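I wanted to look up how the chains of this model hold charged pairs, meet one another and pack their helices. My notes follow in the order in which I looked.

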There are 4 protein chains.
Amino acid sequence: MGIKTGEEYIESLRNIRFKAYVDGKKIDPKDLVDHPLVRPSINAVAFTYDLCSNPDYADKLTVSSHLTGEKISVFTHIAQSPEDLERKVRALRLIQQEIGNICIMRCSSLDGLASPYSVTYDMDQDLGTDYHKRFKEFLKRVQKDDLYVTLAVTDPKGDRRLRPHEQKDPDMYLRMVDKNSKGIVVRGAKFHQSGTLASHVKIVTPTRVLSSEDKDYAIMFSVPSDAKGLIHILDRQPANHFIEGESVERELCKYSSHAGMVIFEDVFIPWEDVYMCGEYQYTGSLISRFGHYHRCTYGGCFPGQSDVIIGAAAALAESHGVEKDPSIQDKLLEMIYLSEVMFSCGIACAHLGFKTPSGACFPDPILSNVLKLNIAKAPYEIARLAEDIAGGNMITIPPESNLRNPEIKPLIDKYFKGAEGTPTEDRIKLFTYLNLTLLGGERGSLSGVFGSTCGAAGPYQAAKVHLRKMVDLEEKKKIARRASGILK
Amino acid sequence: MGIKTGEEYIESLRNIRFKAYVDGKKIDPKDLVDHPLVRPSINAVAFTYDLCSNPDYADKLTVSSHLTGEKISVFTHIAQSPEDLERKVRALRLIQQEIGNICIMRCSSLDGLASPYSVTYDMDQDLGTDYHKRFKEFLKRVQKDDLYVTLAVTDPKGDRRLRPHEQKDPDMYLRMVDKNSKGIVVRGAKFHQSGTLASHVKIVTPTRVLSSEDKDYAIMFSVPSDAKGLIHILDRQPANHFIEGESVERELCKYSSHAGMVIFEDVFIPWEDVYMCGEYQYTGSLISRFGHYHRCTYGGCFPGQSDVIIGAAAALAESHGVEKDPSIQDKLLEMIYLSEVMFSCGIACAHLGFKTPSGACFPDPILSNVLKLNIAKAPYEIARLAEDIAGGNMITIPPESNLRNPEIKPLIDKYFKGAEGTPTEDRIKLFTYLNLTLLGGERGSLSGVFGSTCGAAGPYQAAKVHLRKMVDLEEKKKIARRASGILK
Amino acid sequence: MGIKTGEEYIESLRNIRFKAYVDGKKIDPKDLVDHPLVRPSINAVAFTYDLCSNPDYADKLTVSSHLTGEKISVFTHIAQSPEDLERKVRALRLIQQEIGNICIMRCSSLDGLASPYSVTYDMDQDLGTDYHKRFKEFLKRVQKDDLYVTLAVTDPKGDRRLRPHEQKDPDMYLRMVDKNSKGIVVRGAKFHQSGTLASHVKIVTPTRVLSSEDKDYAIMFSVPSDAKGLIHILDRQPANHFIEGESVERELCKYSSHAGMVIFEDVFIPWEDVYMCGEYQYTGSLISRFGHYHRCTYGGCFPGQSDVIIGAAAALAESHGVEKDPSIQDKLLEMIYLSEVMFSCGIACAHLGFKTPSGACFPDPILSNVLKLNIAKAPYEIARLAEDIAGGNMITIPPESNLRNPEIKPLIDKYFKGAEGTPTEDRIKLFTYLNLTLLGGERGSLSGVFGSTCGAAGPYQAAKVHLRKMVDLEEKKKIARRASGILK
Amino acid sequence: MGIKTGEEYIESLRNIRFKAYVDGKKIDPKDLVDHPLVRPSINAVAFTYDLCSNPDYADKLTVSSHLTGEKISVFTHIAQSPEDLERKVRALRLIQQEIGNICIMRCSSLDGLASPYSVTYDMDQDLGTDYHKRFKEFLKRVQKDDLYVTLAVTDPKGDRRLRPHEQKDPDMYLRMVDKNSKGIVVRGAKFHQSGTLASHVKIVTPTRVLSSEDKDYAIMFSVPSDAKGLIHILDRQPANHFIEGESVERELCKYSSHAGMVIFEDVFIPWEDVYMCGEYQYTGSLISRFGHYHRCTYGGCFPGQSDVIIGAAAALAESHGVEKDPSIQDKLLEMIYLSEVMFSCGIACAHLGFKTPSGACFPDPILSNVLKLNIAKAPYEIARLAEDIAGGNMITIPPESNLRNPEIKPLIDKYFKGAEGTPTEDRIKLFTYLNLTLLGGERGSLSGVFGSTCGAAGPYQAAKVHLRKMVDLEEKKKIARRASGILK
């Protein structure tokens with residue numbers, strides 16, 4: 001058992017009987033793993049399995065389970081200390097550098113376990129329930145089988161001004177529609193499910209703080225990806241399925257990422273998989289802890305993505321013969337600056353993390369929201385600078401297919417070469433890489449700088465709202481009144 | 001004669017025997033107009049022909065030729081006054097609003113005629129040549145036949161630290177390799193040729209200021225698109241050829257844009273089409289006048305593009321039920337602010353335009369560079385704000401194809417609907433539109449906010465260099481020395 | 001008569017019997033003009049009188065009155081065309097360059113006349129009143145005697161959530177407390193009165209849009225600065241009164257600016273000076289027209305201020321020997337860019353101005369608010385860049401007094417000299433100039449970049465609110481719906 | 001012994017016979033401590049002595065000396081661990097909150113000791129010198145007597161393009177002019193000496209990396225503030241000496257800060273105080289370690305300053321009755337965001353600190369430069385937002401002296417009151433506080449947001465240059481070449 005290789009992970013997926021629609025068509029489960037619109041995402045997840053099972057990365061990507069003491073991947077671990085959080089930040093930066101700027105989608109798994117773990121502990125302590133015991137059993141299984149769990153949070157929401165029970169259609173938020181001695185029956189949908197067609201199991205939680213009138217919406221549970229009534233609808237995947245034959249695009253699109261909508265058509269959940277059922281008072285801490293834990297991750301993931309972009313811009317500047325120009329150097333340093341500020345925010349919120357009663361450790365709540373606000377803007381500026389350095393050829397690339405046509409190859413080679421030893425083919429690859437990463441959609445809806453930053457840990461405004469709750473303006477006013485001579 | 005309709009324009013293209021490579025394959029000229037990777041761009045240009053020949057737009061998109069007095073399209077006119085320049089700015093904003101955020105590529109035509117016109121005039125006055133006379137004949141033909149001319153400026157450049165004659169391969173800049181009593185023979189290549197496979201004829205000019213050692217590179221001429229020795233290589237067109245059947249993507253990709261590399265394999269140019277041949281001293285004003293004239297255009301084109309993006313963001317906010325939220329309103333106003341600053345810069349540089357001896361009017365040189373610096377940053381911020389308002393669903397859209405599968409349509413309709421009357425289908429269209437415009441590449445390499453801003457009128461740094469030449473720092477120092485009591 | 005010289009203006013002020021408190025003490029009116037905290041501001045206004053009466057500036061700073069045809073200063077003119085508005089923008093830029101970055105306070109006069117002029121015209125047309133006739137008489141007097149009029153708008157406002165009649169103290173907005181056959185009696189206060197102790201007369205208008213319940217607050221009138229019951233309280237003037245003897249500070253503080261609070265203790269206004277009395281429906285256009293007219297001015301004033309700052313930064317860089325460094329050049333160009341964008345906005349909103357029925361011409365409403373948003377941010381960035389170029393010595397200047405002590409002068413000369421011919425004394429002057437302009441308060445509460453930008457034409461948010469009213473989001477939505485294939 | 005109180009510190013200064021010029025006049029040493037232009041700065045330093053000797057702050061502001069085990073102030077401690085660095089960051093934030101946004105100048109002491117300590121250790125190890133032994137003796141004395149040491153780094157530099165020995169005047173950088181068995185004789189000057197007239201002793205180091213030709217400039221030593229030949233010239237102190245009598249200004253100017261130029265007129269330094277003498281190869285690490293150590297400090301100091309400004313803005317918004325307005329809330333959160341990013345950078349560079357062979361611990365070199373770039377911009381934005389919230393009254397404050405004139409007090413009270421219970425006097429204090437902090441110069445040349453950020457740890461460009469040295473672009477290129485399929 002223990003940590004799976006990429007190959008083992010892929011094989012394990014073949015046993016799951018997904019009900020899935022891809023581009024408007026229902027796909028036979030046995031074809032799903034190899035479907036051209038799905039496989040590249042599975043490859044990306046498999047890449048993380050390979051890295052974690054690679055002994056060279058053991059010190060950076062594996063830990064001892066606090067439950068069993070066995071060696072597990074960082075992706076199934078619950079942080080027990082600020083050091084664990086910091087390891088997570090560094091692991092994500094490393095993986096992004098290794099895979100080259102592809103959303104690996106597995107942070108949803110990484111970050112989805114800690115908050116349920118800690119909140120069920122609090123519930124059991126306060127209420128005498130046994131949710132935490134159940135969740136621990138689930139977690140042991142996840143760790144033992146090295147499962148890829150995705151976290152299902154976001155509901156459709158309908159009219160966003162209305163609370164769940166006020167909606168015209170009560171299913172706009174996922175809810176319990178029945179309950180018996182064996183378990184509960186749930187109905188609704190979850191949006192933005194990164195990696196959902198590559199995951200073994202889902203954890204489902206509410207998406208907002210709920211009140212007593214919304215009790216039936218206060219449910220949390222785990223559910224295997226092929227539970228009866230679960231329907232997956234793959235999100236729009238712009239273009240990677242059309243890529244055929246030998247090509248740089250095909251090579252670059254070996255890895256991709258996806259998200260999907262998951263619909264729950266009266267799905268039955270047995271009690272042992274239910275971790276909250278009506279305890280709406282705990283939805284606040286459940287959601288905010290998840291948010292902080294997840295935001296922290298971006299302090300590693302975005303700097304790692306930026307490392308690749310900065311490197312590509314520098315390599316292109318070198319091939320133009322202008323790498324030493326002061327204006328180019330200044331832009332590269334600006335990109336590095338922006339990237340390292342994100343990393344600083346990641347390190348700081350991890351290092352100032354705090355322990356919850358369950359033992360799980362969470363990042364500093366103020367600084368993790370500050371990080372989120374940062375990563376919502378910096379990538380745009382990094383992209384702008386990369387495009388400015390790369391220049392117009394990033395958008396007007398002679399297709400690499402020309403190099404495979406002997407009629408035209410010599411002319412392309414002649415005219416598209418740069419200053420240095422960089423061969424024309426390598427220049428085309430670097431331009432194509434940046435184009436796909438910064439402008440294109442071929443690598444999947446979540447990849448690319450903008451895809452990532454849009455989706456990362458919810459909207460900008462949400463982080464502001466969280467921040468507002470966390471900061472103590474009254475204390476700051478007191479400080480100012482003292483400073484201005486009002487208070488002595 | 002006079003102004004062509006879109007249909008007439010498309011038919012006229014069928015007579016041109018382009019030598020062209022698309023995705024590594026040579027295309028038979030008779031198939032080119034209908035090639036799935038080329039036709040959408042031709043549609044975009046045809047759209048501008050249709051608008052100009054539409055009587056409802058006559059006051060905005062047509063003028064009287066200053067040469068013949070006949071009614072011509074703004075796209076073949078040489079501005080004779082600041083009012084003409086301002087009309088150009090407004091025309092571009094209007095067209096972008098009408099076609100919806102597609103680079104129409106025709107501004108290269110619009111902006112490529114004035115600088116040769118005015119500089120050949122100066123040359124004839126100074127040197128007794130008859131370049132201007134020849135150019136005027138060419139221009140009359142362009143106006144009479146309503147031709148789409150593209151301007152070919154950018155050379156491959158090789159090692160960018162070296163001047164043309166210093167390059168290891170002398171063809172890194174296009175040059176005259178032979179000359180006789182009939183004309184000249186030219187060799188080299190031009191990059192970033194927007195709309196090149198949709199144009200009747202090209203004007204070719206140097207790309208940088210040249211000195212006496214680079215005399216053979218100081219050549220300017222016009223050349224029909226099917227001249228012997230001209231080879232077109234269509235740039236990478238990410239994905240639009242894969243779109244088949246009925247779909248919102250297909251509908252949205254009816255229009256597109258393209259660029260290409262054009263290679264000159266010892267092309268013969270008869271003297272009557274040559275407008276400069278060795279007069280390197282005029283390359284400075286030729287290039288800088290083109291730059292200012294072209295930059296001014298962006299003061300209309302980018303605000304027009306932004307109008308559509310702002311509208312889409314507002315429509316989505318409305319369909320979420322959050323349009324009135326102060327944070328949404330603030331973001332929409334920020335977008336409008338950014339857009340109107342670009343427009344203000346466009347109006348100001350047009351209004352402060354100045355007449356050259358030829359009668360052609362050019363925008364203010366300082367303010368047109370200021371405009372360029374502005375449009376190089378603002379669109380990123382506008383895109384960021386649009387994505388922030390649209391939210392995660394812009395990257396995780398249930399494909400519209402699901403609506404055509406009755407098994408799944410009811411569930412998509414149920415869960416993807418928003419607050420207001422906006423039908424699910426319209427929401428999917430708006431999300432898809434923004435995705436294609438801001439993140440995707442399906443609409444062609446030049447379209448989308450980032451494609452446009454990258455390529456627009458050359459690199460950011462070039463505008464700074466131009467600006468440096470134009471501003472009088474010594475005068476400002478004098479003002480400061482007076483202000484600080486040093487000068488009395 | 002006609003345009004006064006500076007000296008004539010100063011003499012004319014001596015006849016006004018101001019009731020004024022300076023630094024907590026009542027000042028004898030005969031001492032006010034020469035009071036060390038007031039005189040520098042009067043000098044600044046006198047400077048504008050001198051320029052306007054200087055024949056060398058006649059084409060830029062004088063016009064023909066549209067009422068009398070006589071030559072008048074731009075400061076008493078009502079713009080009759082976009083050209084007039086543009087002249088205003090250029091005049092302000094010129095004056096700032098000449099006086100060196102001092103708020104001349106006279107734009108309140110310049111901009112305060114047009115809105116009452118045009119709105120009283122509308123009222124007379126609609127209501128049969130004779131307000132416009134009265135106002136025209138007033139204006140003729142202002143033009144004939146070349147008076148400095150200040151515009152009194154901003155009320156104390158008390159609790160800003162409440163409308164005037166809802167306030168606990170009804171005097172939180174200035175109001176009519178009595179009325180008889182001779183005239184009206186008014187009570188209240190006006191804040192932020194730039195140049196109030198240097199002006200002959202005030203025009204008083206409401207500060208917000210009023211409804212029928214606030215009828216008594218809907219009053220507009222003119223009042224001489226020494227009317228009975230008018231009390232002036234000079235605002236905090238940081239430090240210029242302490243400067244004595246020969247010094248660069250004294251030289252630099254020859255000009256200054258001030259603002260003050262003006263209290264109306266039951267002031268009687270005869271009917272011939274009353275221009276609105278209860279017609280609350282006109283307060284909306286009165287205020288918004290004033291806002292647009294005034295905002296436009298900043299398109300000249302801030303670029304002019306920036307010219308001096310840019311020049312000082314360049315001169316200091318030169319004296320450090322680093323003017324040619326790419327990073328210095330880049331910062332100077334960035335400053336120029338920011339400054340010229342403000343100018344572009346000024347020119348654009350002037351050029352797109354529109355005529356009201358009265359004949360008075362007003363700037364484009366959208367673009368003038370866009371300009372305001374721009375000038376609320378750019379000066380901070382310009383200041384930051386200037387400080388970055390000037391370096392630490394801008395805050396740690398050896399006082400110029402040392403140069404007048406022979407013991408220490410040689411050491412200062414030895415160690416504080418720079419690279420070039422710039423003498424130590426000139427370096428100290430440039431550093432001191434920038435320090436006073438960017439960091440210090442000695443030149444009066446309104447001067448300095450930050451003072452100006454804070455106060456300029458009301459708060460940032462107000463411009464956003466105006467902008468919101470002006471822009472047509474529905475039209476933009478329609479455009480987007482067409483672009484995304486929803487509307488055909 | 002041990003930690004001094006503020007009073008003890010002030011008394012200890014009275015024994016120092018400074019040779020000092022203030023505002024061009026030589027001051028008798030016995031009058032210096034109480035001179036109105038110097039005392040407020042001494043008060044600020046005394047404030048830090050009082051806090052450190054206050055038992056309530058012992059856990060935050062004191063540590064055990066690693067040399068003697070005795071309790072010492074954080075200001076004389078050499079960090080032995082990342083925890084020590086983090087304590088420094090927190091200590092500075094705390095002190096800024098307590099003193100209210102006054103530059104306490106003592107970080108020069110705090111940060112000036114570690115780099116000489118570690119570099120002398122390396123020198124002794126490599127070269128067999130006994131510099132570290134001497135320095136340790138010096139440090140023990142500093143800790144025992146709780147001395148305020150200032151670090152003298154910045155030379156006049158003359159023509160900045162030239163190295164020290166290339167300057168026309170060889171004294172443009174401080175140098176050894178003589179040497180004998182007793183010690184060395186030094187000549188030159190040091191600029192920007194924060195707190196120099198409040199310090200017991202100075203450590204003098206080179207300001208740039210030196211080569212063998214500049215050997216005589218490679219000197220480091222300590223020198224008492226009243227050594228023969230030392231001349232202090234107090235920098236321009238805008239206005240605080242004029243403030244007399246009871247006033248809010250006087251109250252707010254109780255604390256201030258100063259800097260000065262220190263001239264070395266052939267000063268003799270005995271060998272036991274010399275810590276480098278010609279070993280130019282060590283100047284690189286000496287300077288860069290100092291830079292990193294010092295930059296880290298700003299991660300505490302600027303957030304602490306921001307806390308007060310944010311509090312003042314919030315208190316004023318409250319008193320206007322608009323604290324809950326979404327646009328106000330958004331601005332306050334933006335300020336908090338900017339402030340906490342600086343704090344995150346401080347925590348991160350401290351936490352990732354590394355130990356040198358001497359045992360002294362230094363912050364992460366990349367992240368400390370990233371922090372510096374951050375604090376060079378964020379304070380301007382914080383100031384802009386504070387001014388935007390405070391509004392025009394921040395620049396047009398009725399002077400508080402009016403409240404002491406019974407004639408006018410009732411009117412000020414009536415009209416200047418706000419919405420809530422905040423008394424008029426408190427509103428005036430808050431406005432005055434913000435005015436002095438953000439716009440004014442009365443609190444000394446280094447205080448105020450802009451003063452601080454200008455001077456903080458050298459110019460922006462220097463941090464970029466450092467960053468350039470530290471980052472490994474080749475590694476990033478390799479990553480990108482792998483990602484784009486060039487390297488396998």
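Entry 1, salt bridges. I began with the count over all chains, which comes to 123 salt bridges by the rule applied here; I keep in mind that the model is predicted. I then picked out one pair within chain B, B:D266 with B:R187, and found their closest N and O atoms to be 2.7 Å apart. I noted that this pair links distant parts of the chain, since B:D266 lies in strand β11 (residues 260-270) and B:R187 in strand β7 (residues 183-190), 79 residues apart.

Entry 2, chain B against chain A. I looked up the extent of this interface and found 80 residues of chain B in contact with 80 residues of chain A. The area buried between the two chains is about 6,800 Å², and carbon and sulfur atoms give 58% of that area. I also asked which three residues supply the most of what chain B buries against chain A. They are B:R236, B:I395 and B:Y415, which together supply 13% of that area.

Entry 3, polar and charged pairs across the same interface. I recorded six salt bridges between chain B and chain A, and I looked at the one in which the side chains of B:K414 and A:D169 meet, with an N to O distance of 3.0 Å. I also recorded 24 residue pairs in polar contact between chain B and chain A, counting pairs with both residues at pLDDT 80 or more. On the side of chain B that touches chain A, I find 34 nonpolar, 23 polar and 23 charged residues.

Entry 4, helices of chains B and C. How are helix α11 of chain B and helix α12 of chain C oriented to each other? I read an angle of about 105 degrees between α11 (residues 326-351) and α12 (residues 365-375), with their axes 9 Å apart, and angles of 65 to 115 degrees count as roughly perpendicular, so α11(B) and α12(C) are roughly perpendicular to each other. Among the residues that make the contact, I listed B:Y337 and B:F343 of α11(B) and C:L367 and C:V370 of α12(C). By class, I noted seven nonpolar, two polar and one charged residues in this contact.

Key:
Residues numbered from 1 in each chain as written. Chains lettered and ligands numbered in written order. Predicted model: local features only at pLDDT ≥ 70, side-chain atom pairs only at ≥ 80, totals over all residues. Heavy atoms only, no water. Axes fitted to C-alpha atoms, helices over the stretch in contact; angles between N-to-C directions. Helix = DSSP H or I, 4+ residues; strand = E, 2+ residues; numbered from the N terminus. Parallel < 35°, antiparallel > 145°, perpendicular 65-115°, else oblique. Contact = heavy atoms within 4.5 Å. Nonpolar A, V, L, I, M, F, W, Y, C, P; charged D, E, K, R; others polar. Buried area = accessible area lost by both parts, 1.4 Å probe. Salt bridge = Lys/Arg side-chain N within 4 Å of Asp/Glu carboxyl O. Polar contact = N/O pair within 3.5 Å; in protein donor to acceptor, adjacent residues only side chain to side chain.
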